[in-house]
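Visitor: I should like to discuss how the terms applied to this structure are justified. Please show it first.

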Amino acid sequence: GERGRSVLLRKVVRRASLRQAPHEALVLKQPYRLMCSCHDTIVGSQEIASVGTSIETSQILQIQVTSVHPGTKPFVLRLDSLCFREVEGKLQRRVRNAQATIIHLSLGDRFLQALKDTVADNEKYDWSEADSCAGCMTAPASVKIATKCIPHDGREPCTECFCRPMWCLECLGKWFASSQDQHRPETWLGGTGTCPTCRAVFCVYDICEVVRTLPAGD
């Protein structure tokens, strides 16, 4: 019944917040179906001391889940803000932010935002075909690796990538970040990565946003 689904939803989101890999399939499949008859709203947040330190804090979001079915009592989920974007993405819907709560971004999210700002200033790449991202299979392939940077000493030189546009910026950005020194995030934007397909070396200045053009003759 509805109560059983609510209990299962709590378990699903708790597993997502704990980032337990063995439950990844459940997290991916269940929330969308469970939340389709619910309204979910951020109603508050709380700062708590991180385990093992009195200096660093974690932001815990309070998310109220309200069923559209009369007589079903709402309940509140508590979720680490660093897991919020991941969980919201798997719900495939926006969670209402009733109090305009400022949600703390994870390191990965902050890097992706900085990467988007950098790529926005890079050269564009004309492309006529509309393909899906080979990583997430949902977003369109929106970027192309094309050597545009100026070589300089002290960094591995970039090499030509002959692959067609195959990735969205978010997936390529996550791939790039995973190959950087995880203990020195301040160096990520100045580093290099390799194309997921052909292993050509590239930097953030080689990531070109795809501009859709009409095929010849149209």
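Visitor: Why does Cys 161 count as buried?

Guide: Cys 161 has a relative accessibility of 4%, and buried means under 20% relative accessible area, with exposed over 50% and partly exposed in between (1.4 Å probe, protein chains only). Cys 161 therefore counts as buried. Please note that this is a predicted model, in which local features need pLDDT of at least 70 and side-chain atom pairs count only at pLDDT 80 or more, while totals for chains, interfaces and linings use all residues. Residues are numbered from 1 along each chain as its sequence is written, and side-chain values use heavy atoms, with hydrogens and water left out.

Visitor: Why is there no bond between the sulfur of Cys 161 and the closest cysteine sulfur?

Guide: The closest cysteine sulfur to that of Cys 161 belongs to Cys 198, at 3.8 Å, which is too far for a bond. A disulfide is a pair of cysteine sulfur atoms within 2.5 Å. Cys 195 also has its closest cysteine sulfur in Cys 198, and the 3.7 Å between them is again too far for a bond. Zero disulfides are found in a search of the whole structure.

Visitor: What makes Cys 195 and Cys 163 buried or exposed?

Guide: Cys 195 counts as buried because its relative accessibility is 2%. For Cys 163 the value is 13%, so this residue counts as buried. Cys 163 lies in the loop between strand 6 (143–145) and helix 5. The C-alpha atoms of Cys 163 and Cys 195 are 8.6 Å apart, with their positions 32 residues apart along the chain.

Visitor: How many helices and strands does the protein have?

Guide: There are five helices and nine strands, where helices (H or I, at least four residues) and strands (E, at least two) are DSSP runs numbered from the N terminus. Their order from the N terminus is α-α-β-β-β-α-β-α-β-β-α-β-β-β. Val 201 is found in strand 8 and counts as buried because its relative accessibility is 7%. The C-alpha atoms of Val 201 and Thr 159 are separated by 5.1 Å, although these residues are 42 apart along the chain.

Visitor: What makes Phe 176 and Phe 202 an aromatic pair, and which class is it?

Guide: Their ring centres are 5.5 Å apart and their planes differ by 50°. Rings of Phe, Tyr and Trp (its six-membered ring) pair if their centres lie within 6.5 Å; planes under 30 degrees apart count as stacked, over 60 as edge-to-face and the rest as tilted. The pair of Phe 176 and Phe 202 is accordingly tilted. It links helix 5, which holds Phe 176, with strand 8 (residues 201–202), which holds Phe 202, 26 residues apart. Both Phe 176 and Phe 202 are buried. Ring pairs join Phe 111, Phe 176, Trp 188 and Phe 202 into a cluster, and the whole structure has four aromatic pairs.

Visitor: How do you know that the charged end of Lys 144 sits over the ring of Tyr 125?

Guide: The charged end of Lys 144 is 5.6 Å from the centre of the Tyr 125 ring, and it sits over that ring. The criterion is NZ of Lys or CZ of Arg within 6 Å of the ring centre and within 35 degrees of the ring normal.
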